[in-house]
Structures are given as structure tokens and as C-alpha cells.
Amino acid sequence: MLTEHAKIMKAFSAAGEITGRKKLQKIIYIAKKIDYPFYEKYNFHFYGPYSEELTLRVEELCNLGFLDEVKEKKGGYYQYRYSLTEKGEQFLSHYQLDMPPLDECMQTLNDQSARFLELVSTVLYFEGLDKEEVKEKIFTLKSKQRYTVEEVEEAYQYIDSIRSLVTH
């Protein structure tokens, strides 16, 4: 019944604390795109790929007491920190999930900035296009972020490196 919820909890278990809703969205999207079995539907949104389903699942997990959400005021905005609770860990320990090992992938994704993950997820969102078309989309859709050609190249290299972490 809670299989998709348990997968999200497993991601938190592997990543530790995740700071920022945008970062959380991008981590799960990128993991999904490199073949981890996450099934949330994503649409392209202001900050790149976004899943309403994921937002609702996280809210439900918080309401169940499996995830802890801490809201902090940062300058002119609020930032959210998420972590698995003890109750969530206990639930997960009794739940059998057939998933490839997530730890290294989740940790490396969580170590990146939300800005870089936004770029990586945008590259992955348009991966059916050739590289030049992807760059054009990024420079058009993400002009406020002022990504450089070097950063786009770095995103492609990063995608290759994390794809190698997926073991089936």
C-alpha cells in the first residue's frame, strides 16, 4: 500500500537530511531518470522538473510522523529541512523494498547545490534532444540562472558519473 512512500523514505534514509523542497524534487527526479524505480509524474515547472505527487507524498509522510519537516526563516524566504524520523526508520526496517542500493547516489546528489541539481535535472528533462538544443533550452528557459557553457558540460559529466552508480 505504501510502497511509493517507502521508496521516498528509503531515499531519505540514504541521503540523510535534505535541505530545501527544490533540492528534494531534483534529487528524486534525477534518481528516477538514471533508473532508480521512482514513479512520481513530473512536469516542467519554473525551477525545472516538478512533481505534485512527490509534494503530496512528502506531506503525507510528515503527517504520519515518518518524516520530520523543519521550517526555517532564511532572509526573505522560508527553507525546509527534511529527515527520516525514528518512527520512519522503524517502519522502513519492517518494509521489504526491492531497490538497487541508493546510498552512494543519494549522498552524492545531496552534496550538490540546488542550483546545480536544477541544471542537471533540466538537462535530463530534455535528454531526448541533441546537446546544442539542450543548451539552447537551458539558456532560454533558465536565463535568470545565468548558467555557463562550462556548467552545462559539467552537468553532462556529472550525469555520466552518477549513472555509473546504479547497479541492477
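This passage describes the confidence, the nonpolar core, two packed helices and two buried residues of a predicted model.

The chain averages a pLDDT of 93. Of its residues, 98% score at least 70. Among the elements of the chain, helix H3 has the highest mean pLDDT, at 97. Strand E2, residues 43–45, has the lowest, at 93.

In soluble globular proteins, nonpolar side chains tend to be buried together. The largest nonpolar core in this model holds 50 residues. Phe38, Met106 and Leu109 touch the most other members. Several elements each supply at least two residues of this core. They are the helices H1 (3–15), H2 (21–33), H3 (52–64), H5 (103–110), H6 (114–125), H7 (131–141) and H8 (149–163), together with strand E5 (77–84). H1 gives the largest share, seven residues.

Phe38 deserves a separate description. This phenylalanine is found in the loop between H2 and E2. Its relative accessibility is 1%, so Phe38 counts as buried; the cut-off for burial is under 20%. Leaving aside residues up to four places away in sequence, Phe38 touches Lys7, Ile8, Ala11, Ile28, Ala31, Lys32, Met99, Leu102 and Met106. One of these partners, Ile28, is ten residues from Phe38 in sequence. In space, the C-alpha atoms of Phe38 and Ile28 are 7.3 Å apart. Another partner, Met106, is listed with Phe38 among the core residues that touch the most other members.

Ile28 also takes part in the meeting of H2 and H3. Two packed helices are described by the angle between their axes and the distance between the axes. For H2 and H3, the axes come within 11 Å. They cross at roughly 115°. H2 is therefore roughly perpendicular to H3. The crossing in which H2 passes H3 is right-handed. On the H2 side, the residues are Leu24, Gln25 and Ile28. On the H3 side, they meet Leu54, Thr55 and Val58.

A further buried residue is His5. This histidine lies in helix H1. Its relative accessible area is 12%. That value is below the 20% limit, so His5 is buried. Not counting residues up to four places away in sequence, His5 touches Arg57, Glu60 and Leu61.

Key
Residues numbered from 1 in each chain as written. Predicted model: local features only at pLDDT ≥ 70, side-chain atom pairs only at ≥ 80, totals over all residues. Heavy atoms only, no water. Core = buried A, V, L, I, M, F, W, Y, C linked by side-chain atoms within 4.5 Å. Buried < 20%, exposed > 50% of the residue type's maximum accessible area, 1.4 Å probe, protein only. Helix = DSSP H or I, 4+ residues; strand = E, 2+ residues; numbered from the N terminus. Contact = heavy atoms within 4.5 Å. pLDDT = per-residue confidence, 0-100. Axes fitted to C-alpha atoms, helices over the stretch in contact; angles between N-to-C directions. Parallel < 35°, antiparallel > 145°, perpendicular 65-115°, else oblique. Left-handed = near helix turned anticlockwise from the far one by under 90°.
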